[in-house]
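Got the viewer open and a selection tool at hand? Let's take a walk through this model, stop by stop.

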Amino acid sequence: QRGDAEKKKYRVAVLGRTHKVLAPVAEALREARIPFRAVELEELSQRPEVLDALALAHALLNDEDRIAWLGVLRAPWCGLSLTDLHTLTSADDAELQRRPVAGLIGERLHLLSAEGRAAVVRVLRAIDAVPRLRFTRPAISLGTWIEQVWLMLGGAQCVDAAARANLDLLWRALDALPEGEQDVLGPALAAALDNLKALPDPDAESECGVQLMTIHKSKGLEFEVVIVPELQAATTHSNLKLLSWLERGLAEPDESQEPTEFLVAPLQTKGAEGGGAKKWVDRVYHEREVQEMRRLLYVAATRAREELHLYARPAYRTEKNGSLTLVEPRESLLKTAWPALETDVRERFDAWRTTREAQVVDIAAAAGNLIAVPALERGTLLYRLPADAPVGISGDIAPVVEPAIAGMGQFYERHEGGVLSRALGVSVHTLLEELARLRAAMDWDAACAALARMEPRIAATVRGSGVEREQASKIAARAIGIARKAAEEPVGRWILSPRADAASEVRWAGVVNGRLRTVQVDRLFRAGTEALSEDGDVWWIVDYKTAHEEGLNLQNVLPKLREIFAPQIEAYAQVLRNLRGKAAQVRGGLYYPRMMQFDWWEI
């Protein structure tokens, strides 16, 4: 460390040939609590805090995801011991192993240890607050919703500044998923996280401290101290390539020719002698790799301004007589530097070998005096919040100023019911879209008959979201019933009938409140100025809302629901007017097929 009076940079760089070489260095620095900056070193999806948050997201969206629930209970905000996890999930009972963990918690909570019960109760209190959170803030985006549940669990007390920065990247990635919860349960999330890297530790200064990066990333930089570990790490390339190719420049190209030529040499058939062309191409390619290795070593060595430290673990073999012999390195940075380092390496190896052989002799001489000691079970360092850690919505959670824009009734319908409500909503939207398409080519009776044949396909889709078979069949049958009811009542027929410029699940991109947004409208068409009117030039934007049961007090409920969803519909109208002109007449509507209600207004 250097005093502030010196005002001098002092940076220590650990340069690795690959990310794999640097990974154990990063882990050791974390264990030693030494802050460091890592340049595009770790995958965001592999960070522990991100894995815990993703487990929480999957558990909230799918009660059947046993692995995710175990992850939530094992995460630092709960820290359930392996013994308690075994007791809770009934690992010795085959029947209970097939049941969701969420359902077992209430039944088997009393079987846990006192510390385990306190931790699980705290988690249950936070989970129980989730429906209220979705109800009071229905326009909240997916990432912000998961973050607030994470805060209620005490997640912020379990991470440092670097982990919090990585989680901020995750929340933004979840917010950007086009289909929200559906994408979390599918492959879209992995694709969204694929290219995201963990951020550098904000506590590590760029002008003073430790930095980790590959040798390639260090080009053009200088550091006071440079450390290059694992010089012996070999290159990874296969000698059995179907084709070997090489591009080289021509010594005297004609004006009609390209300045380079491309040579291709195929692999010989099994049993045949290797072709001369392939041997020559492979040899030239190998020479280029050797030159590249020399260049890398030169780059690493010349990054140091004051000190350069090279580390290697040379290989050795054990001879028949038990002696140890140093083995010359294979293709690696160590082999490149071998002419300069061989003497020092051999001297250090001989010293180590002498010390090791002396230790073996001492152990053999004392073998008769050894006492067998039973093996100790290796302990597990368990991180857990204190039992009295508070639970609740943190006061520093910023309110959602601008609700995310999305279609398919995504804002309010998921406030309760989790994945089952979502599966029903998506199924109804799919069936209404298909019903509108069928109605364009056939009458209502034929369209409804064709719609009924979709039930197995809908059930299979619901199964794909993590719902058990029996429940998926019930949801599919219920969705078919809701769609058929819409096809039998006047408003549903009016919305789904063919008419001018009609479209279902239409996507637009436009500027809303100064920001570029993508929106998705459940149903769009042109009709008259009033509901159930036929011809006209008024644009109707209709969103389906499927999470509301029959029998509610409509006089009280519908105005509250319009207040919630009006900003969403009006945002759609703004994009529509950007496309069709500012003077376009627009009506917004909310269609509740389960309540058989249609609420509309002029925008």
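Which residues does Pro-329 touch, not counting residues up to four places away in sequence? Select Leu-334, Lys-335 and Trp-338 together with Pro-329, and you have the answer; contact here means heavy atoms within 4.5 Å.

Before moving on, a word on what you're looking at. This is a predicted model, where local features need pLDDT of at least 70 and side-chain atom pairs count only at pLDDT 80 or more, while totals for chains, interfaces and linings use all residues. Residues are numbered from 1 along each chain as its sequence is written, and side-chain values use heavy atoms, with hydrogens and water left out.

**Stop 1: around Pro-329**

Stay on Pro-329 for a moment. You'll find Pro-329 in the loop between strand E9 (324-326) and helix H14 (333-336). Helices (H or I, at least four residues) and strands (E, at least two) are DSSP runs, numbered from the N terminus. Pro-329 counts as buried, at 16% relative accessibility. The scale goes like this: buried is under 20% relative accessible area, exposed is over 50%, and partly exposed is in between (1.4 Å probe, protein chains only). Now add Ala-315: its C-alpha is 7.0 Å from that of Pro-329, with the two positions 14 residues apart in sequence counting.

**Stop 2: helix H4**

Next, select residues 82-89, which make up helix H4. Which side chains should you colour as buried? Pick Asp-84, Leu-85, Leu-88 and Thr-89. They share the same side of H4, because they cover an arc of only 115° around the axis (the arc of the directions from the helix axis to the C-beta atoms). Turn to the other side of H4 and you meet Leu-82 and Thr-83, both exposed. To see what covers the buried residues, switch on helices H3 (66-74), H5 (94-97), H6 (101-108) and H7 (114-128), which are among the covering parts. Just after H4, click on Ser-90, whose phi is positive at about 55°.

**Stop 3: the cavity**

Rolling a probe the size of a water molecule over the atoms shows where empty space is left. The structure holds one cavity of 30 Å³ or more, and the largest cavity has about 40 Å³ of space. On a 1 Å grid over the protein atoms alone, a cavity is a set of points where a 1.4 Å probe fits but cannot get out, and lining residues have an atom within 4 Å of a point. Grid points are joined across faces, edges and corners, and the volume is the space filled by probe spheres set on the points.

To light up the lining, select Leu-15, Gly-16, Arg-17, Val-21, Ile-215, Val-228, Pro-229, Glu-230, Leu-231, Ala-233 and Leu-333. That lining splits into eight nonpolar, one polar and two charged residues. For this count, Ala, Val, Leu, Ile, Met, Phe, Trp, Tyr, Cys and Pro are nonpolar, Asp, Glu, Lys and Arg are charged, and the others, Gly among them, are polar.

Keep Glu-230 selected. Glu-230 sits in the loop between strand E4 (223-228) and strand E5 (243-249) and counts as partly exposed, at 26% relative accessibility. Its phi is near 55°, a positive value in a residue other than glycine.

**Stop 4: salt bridges**

Side chains of opposite charge can pair when their charged atoms come close. How many salt bridges does a search of the whole structure find? The search gives 22, a salt bridge being a side-chain nitrogen of Lys or Arg within 4 Å of a carboxyl oxygen of Asp or Glu.

Try Asp-350 and Arg-353, whose closest N and O atoms are 2.8 Å apart. Both belong to helix H15 (residues 338-365), three residues apart, about one turn of the helix. Asp-350 is partly exposed at 34%, and Arg-353 is partly exposed at 23%.

Then go to Glu-534 and Arg-499, which meet at 3.2 Å, N to O. Glu-534 lies in the loop between strands E11 (515-527) and E12 (538-544) and Arg-499 in the loop between helix H20 (490-496) and strand E10 (503-512), so this pair ties together parts 35 residues apart in sequence. Arg-499 is buried at 15%, whereas Glu-534 is partly exposed at 44%.

**Last stop: Met-596**

Finish at Met-596, in the loop between strand E13 (586-592) and strand E14 (597-602). Met-596 has a positive phi of about 55° although it is not a glycine.

Terms used:
On a 1 Å grid over the protein atoms alone, a cavity is a set of points where a 1.4 Å probe fits but cannot get out, and a pocket is an open set with protein on both sides within 12 Å along at least five of seven lines; lining residues have an atom within 4 Å of a point.
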